[in-house]
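I opened the notebook for a friendly look through this entry, one lookup at a time. Here is the structure I was working from.

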Protein chains: 2
Amino acid sequence: MTKRPPITNRVRDYRERHGGLTQAQLGEAVGVTRHTIIAIEQGHYSPSLETAFRIARLFGAGVEDVFGWEG
Amino acid sequence: MTKRPPITNRVRDYRERHGGLTQAQLGEAVGVTRHTIIAIEQGHYSPSLETAFRIARLFGAGVEDVFGWEG
DNA sequence: GCGCGATGTCGAAAATATTTGACATTCACG
DNA sequence: CGTGAATGTCAAATATTTTCGACATCGCGC
């Protein structure tokens, strides 16, 4: 996982569709810092499954609604 | 994520339902070692989203079919 | 223009996931 | 009984994720 992982994400979309939730607010709501949210949105690395679940559930969505696989 | 993460998994079930795939074979098929498979099956830590996707897709399943959330 | 909130970037530290190798256990089979 | 395959465990090294702090930029209202 040195390079960009084959994972897509729509957390920015979900964020905006959720009352314009801020990166910092989303981070705090799921227990990570805003840096982590930024890195995930930009695909710098693949988050842990736990972080992915927390983000998806906060939006009332499934993991595969928020994150996609380009395999 | 120091302790057991709130994540459940059915990889042992899927392994057995897939022709008795071995931990070592599953690991090799998805690009991790058998130790990683053991740790995941026993819930010692939460895998990366990338590893979770690889395992699920190998079984032709979705991430949330193989991994569950106890939140 | 000035200030402010949101976003982004950089580098380095801390925490966690993954690898490796050596060894123990269990169980089926000869 | 002995051998081998599958599973587990342990400790240590490496890789990756996450945190932290400082600073830059952008857009917007005053």
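I began with the phosphates of DNA strand D, bearing in mind that this is a predicted model. B:Arg15 places a polar side-chain atom 2.9 Å from a phosphate oxygen of DNA strand D. I then looked up A:Thr36, where a polar side-chain atom lies 2.4 Å from a phosphate oxygen of that strand.

Next I turned to the bases. The side chain of A:His35 has an N or O atom 3.3 Å from a base oxygen of DNA strand D.

How many residues surround DNA strand D? I found 21, and the closest are A:His35, A:Thr36, B:Arg12, B:Gln23 and B:Arg34. I sorted the residues of this surface by character and got 12 polar, 5 nonpolar and 4 charged.

Which part of the strand faces the protein, I wondered. Of the atoms of DNA strand D within 4 Å of the protein, 68% belong to sugar or phosphate, and the rest belong to bases.

I also checked which helices take part. Chain A brings α3 (34-41), and chain B brings α1 (11-17) and α3 (34-41); each of these supplies at least two residues of the surface near DNA strand D.

Then I moved to the contact between the protein chains. Here 20 residues of chain B touch 20 residues of chain A. The two chains bury about 1800 Å² between them, with 69% of that area on carbon and sulfur atoms. I asked which three residues of chain B supply the most of what chain B buries against chain A. They are B:Leu49, B:Glu50 and B:Trp69, which supply 37% of that area.

For polar links across this boundary, I counted 8 residue pairs in polar contact between chain B and chain A, both residues at pLDDT 80 or more. On the chain B side, α4 (49-58), α5 (63-66) and β2 (67-69) each give at least two residues to the side that touches chain A. The most comes from α4(B), with 7 residues. By class, that side of chain B holds 11 nonpolar, 5 polar and 4 charged residues.

Salt bridges came next. Side chains of opposite charge can pair when their charged atoms come close. Between chain B and chain A I found 2 salt bridges. One of them joins B:Arg57 to A:Glu64, with the closest N and O atoms 2.5 Å apart.

I widened the search to the whole structure and got 8 salt bridges over all chains. Among them, A:Glu41 and A:Arg12 pair through their side chains at 3.1 Å, N to O. This pair links distant parts of the chain: A:Glu41 sits in helix α3 of chain A and A:Arg12 in helix α1 (residues 11-17), 29 residues apart.

Last, I checked the record. An unreviewed UniProt entry places "domain: HTH cro/C1-type" at residues 11-66 of chain A. In the model, that span is 66% helix and 0% strand, and its end C-alpha atoms lie 6 Å apart.

Key
Residues are numbered from 1 along each chain as its sequence is written. Chains are lettered from A and ligands numbered from 1 in the order in which they are written. This is a predicted model: local features need pLDDT of at least 70, side-chain atom pairs count only at pLDDT 80 or more; totals for chains, interfaces and linings use all residues. Side-chain values use heavy atoms; hydrogens and water are left out. Contact means heavy atoms within 4.5 Å. Buried area is the accessible area (1.4 Å probe) that two parts lose on being put together, summed over both. A salt bridge is a side-chain nitrogen of Lys or Arg within 4 Å of a carboxyl oxygen of Asp or Glu. A polar contact is a pair of N or O atoms within 3.5 Å; within protein, one must be able to donate a hydrogen and the other to accept it, and residues adjacent in sequence count only if both atoms are side-chain atoms. Helices (H or I, at least four residues) and strands (E, at least two) are DSSP runs, numbered from the N terminus. Ala, Val, Leu, Ile, Met, Phe, Trp, Tyr, Cys and Pro count as nonpolar, Asp, Glu, Lys and Arg as charged, and the others, Gly among them, as polar. A residue is near a molecule or strand if one of its heavy atoms lies within 4 Å of it. UniProt positions are given in the numbering used here, feature names are shortened, and annotations may be inferred rather than shown by experiment.
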